Amino acid sequence: MSSGSSRAPSSPTPHPLPGAAVATHCPYCALQCGTRLEPGATPAEPLRVEPDADFPVNQGGLCQKGWTAPAVLRAPDRLRTPLVRDDAGRLAPAGWDTALDTVAGRLAEIRAAHGPDSVAVFGGGGLTNEKAYLLGKFARVALGTRMIDYNGRFCMSSAAAAGLAAFGLDRGLPFPVTDLAEADTILIAGANPAETMPPLMRHLNKAGALVVIDPRRTATAERATLHLAPAPGTDLALALGLLHIAVTEGLHDEEYVRTRTSGFRAAWRRAAGWWPERVELVTGVPAAAQREAVRLLSEARRGYVLTGRGAEQHSKGTDTVAAFVNVALALGLPGRPGSGYGCLTGQGNGQGGREHGQKADQLPGYRPLTDPAARAHVAGVWGVDPESLPGPGLSAAELLNALGTPDGPRALLVFGSNPVVSAPDAERVQRRLAELDLLVVADFVPSETATLADVVLPVTQWAEEEGTLTNLEGRVLRRHRALTPPAGVRDDLAVLRALAVRLGEPPDRFPAEPRDVFDELRRASAGGTADYSGISYGRLDAGEALHWPCPAVPDGDAPHPGTPRLFLDRFAHPDGRARFQEVDHREPADARDDRFPLWATTGRQLAHYQSGAQTRRVPELVRAAPEATVEIHPDTAARAGLAEGELARVRSARGAVLARVRLVATLRTDTVFLPFHFPGHGRANLLTGTALDPRSRMPEFKVSAVSVAPVGAEEPAGPDSAEPMREPAVRGVGG
């Protein structure tokens, strides 16, 4: 059966397209640093990367991951043909028609037997705008399922919920990155950009003062004017204390609060009980340091409050971010030229990926799925009945936990994600995947999730495809193709179209060319919060810097210039005001006790990215960070009988991790830190739980009660030497 899709010519190995260097963007974080891809010197190195000195975000800088990004394309275990699990339980090579027919046939059987919600889709924050858009359309139209969400739920969802509530709109930075270089004071809560986004430090280092809130003395905290180190899980109490100081010491902007906001009285009622000395008892942050932080921000002519995953990844993450937004509002920062609040979005397309329909409750243009007008508009673009569109489904963690249960999905399609490593309570997720009747993974390497699949579909990588991404400042960027993909590899858009056609959709309903998909996305987003209708490939390729919203204009009018700075005149709520949120501190879901006396927090390292599926295949990065580690204070390690370089077992109520000890004298004695990039017994998310934020449905990654102990003789020799935790159940794909 023909897929009916067009695709770029391919070759046995990737090789550069003829012509000059290709301007594009780094495949990793949400900075989307500008790069130029040039032909390499040897066939073994088909591409080399040079930073774009003219791109304002990175200004000629790249981190270690960016410099080595082309090496990912040469991964020895690159997938080059579809794999289908045979009757003996082995993944065996298969042709594309066989693989696609198998997937479509099994999906049709499962839907017919158990209904459309028996099939689920899991997307990713690294997918291009075109892929994220078409994936959401595929789930809701071709499959008719409510069950779609994506791994961005684990990253930016709490800040998104808080931003929508406060401002009526969620855009990571409502101002260009370059504005930060002119700041007098920047407060960063729960982010470590010196390791996770090094080129951003080119701007942050120019600020007059940098205040960093983090339980660890990170590389960013080392550069700070002031470092506040609260106990894990107490950021919300600290933010309430900062608001208390701003108000009681007369440092807040009463005129701004009166004319540009609402809800201050209710928010203040909560903060009034959080005087600095009480906050010190709860957080461990000295009252004097709290006062100094507020003084630095209040005296700044140009001040910013920025939050990251450390504030968000809690069962109270939305309230925590809201509390920091309240501080920014009290000081009159958002919507003031040269000042503001922003979220440091993490994933490469973490902004665009949460705007165009792969979220459980969303339609393109950041439209609510429950809004009748939004449903009618998008259905009109798609050529379907609005009543046929399913309603909201389960959030990411809830969706993964429902897999294979009596009332949950029986089939899952995964695009651009590796939940076996990245999802909370990873052992439970692996068990749930093993219970599925059908698991399909589209990836470029055999990730830990792909190795469990019934069908694996090999797809293109960043330098082999066209598309757009939206960086953390809301700027829409063009990804350009520099390489022909290997033979046997297809683009995700072509895969989705081929499956949709096999499931009975008309071919013209699912375009496979990125430009055609983007043009449809523009129409679907028109009039929405994230309006891309005035943005085109032509304008982007001409070099225009376009930030959404960028609506289309009548023919003959000058094109809309985009909106690099939001809220200067009014906020996005109907009354034009920002809204304080009434929030209060509460304890984490876990509690420390004699069995689990320490807090574990997780995060990223300089050398690796997300689940590590890409960076763990780059030799230079593996040499820099070869295995899972646990950072621990020397005194805490001594009490546990551990020394530098020894193997430790870190255990929570959910599971145990094996990690190499790193002694860090600046760490809190009640806290250990584990990076989450590693597989097998080194997975930090074997420790984390599934307690969810009630508003954003964010899991509590940042605080787990744990114990640490030396590894006994019966334990495996190292975190990456162990076999997978359990073999996946053998599931035939033919019936």
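Begin by selecting Lys131, Glu465, Arg479 and Asp492, which are linked in a network of salt bridges. The model on display is a predicted one. Across the structure there are 43 salt bridges, and this tour visits several of them after a stop at a sheet.

**The sheet**

Next, select strands S20, S21 and S23. These three strands form an open sheet, in the order S20-S21-S23, with antiparallel pairing. Strand S20 (467-470) and strand S23 (546-547) are the edge strands; each has a single partner strand, so one side of each lacks a neighbour in the sheet. Strand S21 covers residues 475-479 and runs antiparallel to S20, to which it is joined by four bridges. To inspect the register, display Thr470, which stands opposite Val476 in S21. Now add helix H4 (residues 129-142), which packs on the sheet and touches S20 and S21. The direction of H4 makes about 95 degrees with that of S20.

**Arg502 and Asp97**

Move to Arg502 and Asp97. These residues form a salt bridge in which the closest N and O atoms are 3.2 Å apart. Arg502 belongs to helix H20 (residues 492-502) and Asp97 to helix H3 (residues 96-114), so the salt bridge ties together parts that are 405 residues apart in sequence. How accessible are the two partners, buried or partly exposed? Arg502 is buried, at 13% relative accessible area, whereas Asp97 counts as partly exposed at 32%.

**Along helix H3**

Remain on helix H3 and select Arg106 and Glu109. Their side chains meet in a salt bridge with an N to O distance of 2.7 Å. The two residues are three positions apart in the helix, a separation of about one helical turn. Arg106 is buried, with a relative accessible area of 8%, while Glu109 is partly exposed, at 42%.

**Glu249 and Arg291**

For the last stop, select Glu249 and Arg291, which form a salt bridge with the closest N and O atoms 2.9 Å apart. Which parts of the chain does this pair link? Glu249 lies in the loop between helix H9 (235-248) and helix H10 (254-260), and Arg291 in helix H13 (residues 287-298); the pair thus links distant parts of the chain, 42 residues apart. With a relative accessible area of 38%, Glu249 is partly exposed. Arg291 likewise counts as partly exposed, at 30% relative accessibility.

How values were computed:
Residues are numbered from 1 along each chain as its sequence is written. This is a predicted model: local features need pLDDT of at least 70, side-chain atom pairs count only at pLDDT 80 or more; totals for chains, interfaces and linings use all residues. Side-chain values use heavy atoms; hydrogens and water are left out. A salt bridge is a side-chain nitrogen of Lys or Arg within 4 Å of a carboxyl oxygen of Asp or Glu. Buried means under 20% relative accessible area, exposed over 50%, partly exposed in between (1.4 Å probe, protein chains only). Two strands pair if DSSP finds at least two bridges between them. Contact means heavy atoms within 4.5 Å. Axes are lines fitted to C-alpha atoms, for helices over the stretch in contact, and angles run from 0 to 180 degrees between N-to-C directions.
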